[in-house]
Amino acid sequence: MNASQRSARNAYAGLVLDRAHLLRQDASWLAAARVDARTRYVLTLPESSLWASVAGDALQWLAPAALHEAQRAHASLLGLDGSGVAYFQTASAQPPGPGQALGLRTLAAAADAFHAGLAAYAAALAHWQRTSRHCPACGGATQHDEGGHRARCTQCGLSQFPRTDPAVIVLVEHAGAALLGRKPGWPAGRFSTLAGFVEPGETLEAAVRREVFEESGAVIGACDYHSSQPWPFPASLMLGFTARARSRVLATGDGELAEVRWFTRAGLRAGLAAGTLSLPPSFSVAHHLITDWLGRARRTP
Ligand SMILES: [Zn+2]
């Protein structure tokens, strides 16, 4: 399995959509698409939820006629599907018609890859629009244009674009054992891979080494890219890695984790079977990092 195939297993990662970046700047195309009867509007709601079907397994998009003119005019272009149907995102307080508000995690578990991926994209874009109403340079008000993908300051002209914050998440291995940690407040027995945000001026590999050392004291040798996952909580991109530790020596970490320790495959499997240990949810890259490591052992004991 290659990295593309590994990424495709992660929730929010299976969206196939033409983001049509050139059309974002085409005002006449945008105006026509906003009222095209085939166009679908994805509604983002407060607290990172989205308008979903009554069954709870898909987004409940709306046709242009179901929205007010002002809602259509301020909607952001998400892109075009394989049939040329345009998708827009608009923030809404009270959606019309049947449906329900669902969170991103619920949709990740119940919806197909297209709906889950579109939900993640729409929610992340909506979050950026809410937090880019003022210019970071002069504090002036901004106006969103380019189909909702640029915030331009009305005072100094500075442009902002949607941001994504990279975070590394890493399965550290040493001679048949994996290093897993537990955060304060997690259920007893829940362990996951170590993770943290990439800092300015840092490579992904340096972030892996730093985060693992800060949280556990373990010193990392080589590391390799595994897969990636959009993580719209609110604006991250999880970059999964595997890494080899130079030894099993650990030290007191920075306090981010309540507990960090080595698990052998046999010990982890026995704990999972007995219910005394649990893993992160199956929609997370952390889950796949751990289960891939366990699976490798089954093939090459
Ligand atoms: Zn400004």
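This report walks through a zinc site, a small sheet and two buried residues in a predicted model.

**The zinc site**

Let's start with the metal. Four cysteines hold the zinc ion through their SG atoms: Cys135, Cys138, Cys153 and Cys156, at 2.3 to 2.4 Å. Why is the arrangement called tetrahedral? The 4 donor atoms subtend angles of 99 to 117° around the zinc ion, and this makes the arrangement tetrahedral. If you would like a reference value, the ideal angle for four tetrahedral donors is 109.5 degrees.

Along the sequence, the donor residues follow the spacing C-x2-C-x14-C-x2-C. Cys135 sits in the loop between helix 5 (113–130) and strand 6 (142–145), while Cys153 belongs to strand 7 (residues 150–153), so this pair ties together parts that are 18 residues apart in sequence. Both Cys135 and Cys153 are buried.

**The sheet**

Strand 7 also takes part in a sheet. Here 3 strands form an open sheet in the order 6-7-8, with antiparallel pairing. Strand 6 and strand 8 (159–160) are the edge strands, each pairing on one side only. How many bridges join strand 6 to strand 7? There are 4 bridges between these antiparallel strands. To find one of the partners in your viewer, look for His144, whose bridge partner in strand 7 is Ala151.

**Two buried residues**

Next come two residues from other parts of the chain. Gln229 is part of strand 12 (residues 220–231), and Leu67 is found in the loop between strand 2 (49–52) and helix 3 (69–74). The cut-off for buried is under 20% relative accessible area. The table lists the value for each residue.

| Residue | Relative accessibility | Class |
|---|---|---|
| Gln229 | 1% | buried |
| Leu67 | 6% | buried |

What does the side chain of Gln229 reach? The side chain of Gln229 comes to 2.6 Å from the backbone oxygen of Phe283. Phe283 is also in the contact list of Gln229, which leaves aside neighbours within four places in sequence. That list further holds Asn10, Ala11, Tyr12, Ser236, Leu237, Met238, Ser284 and Val285.

For Leu67, with neighbours within four places in sequence again left aside, the contacts are Tyr41, Leu43, Leu62, Arg72 and Thr90. A C-alpha distance is available too: Leu67 and Val35 are 32 residues apart along the chain, and their C-alpha atoms are separated by 9.8 Å.

Technical notes
Residues numbered from 1 in each chain as written. Predicted model: local features only at pLDDT ≥ 70, side-chain atom pairs only at ≥ 80, totals over all residues. Heavy atoms only, no water. Donors = N, O, S within 2.8 Å, 3.2 Å for Na, K, Ca; no water. Tetrahedral: all angles 85-135°; square planar, octahedral: opposite > 155°, others 65-115°. Helix = DSSP H or I, 4+ residues; strand = E, 2+ residues; numbered from the N terminus. Buried < 20%, exposed > 50% of the residue type's maximum accessible area, 1.4 Å probe, protein only. Pairing = 2+ DSSP bridges. Polar contact = N/O pair within 3.5 Å; in protein donor to acceptor, adjacent residues only side chain to side chain. Contact = heavy atoms within 4.5 Å.
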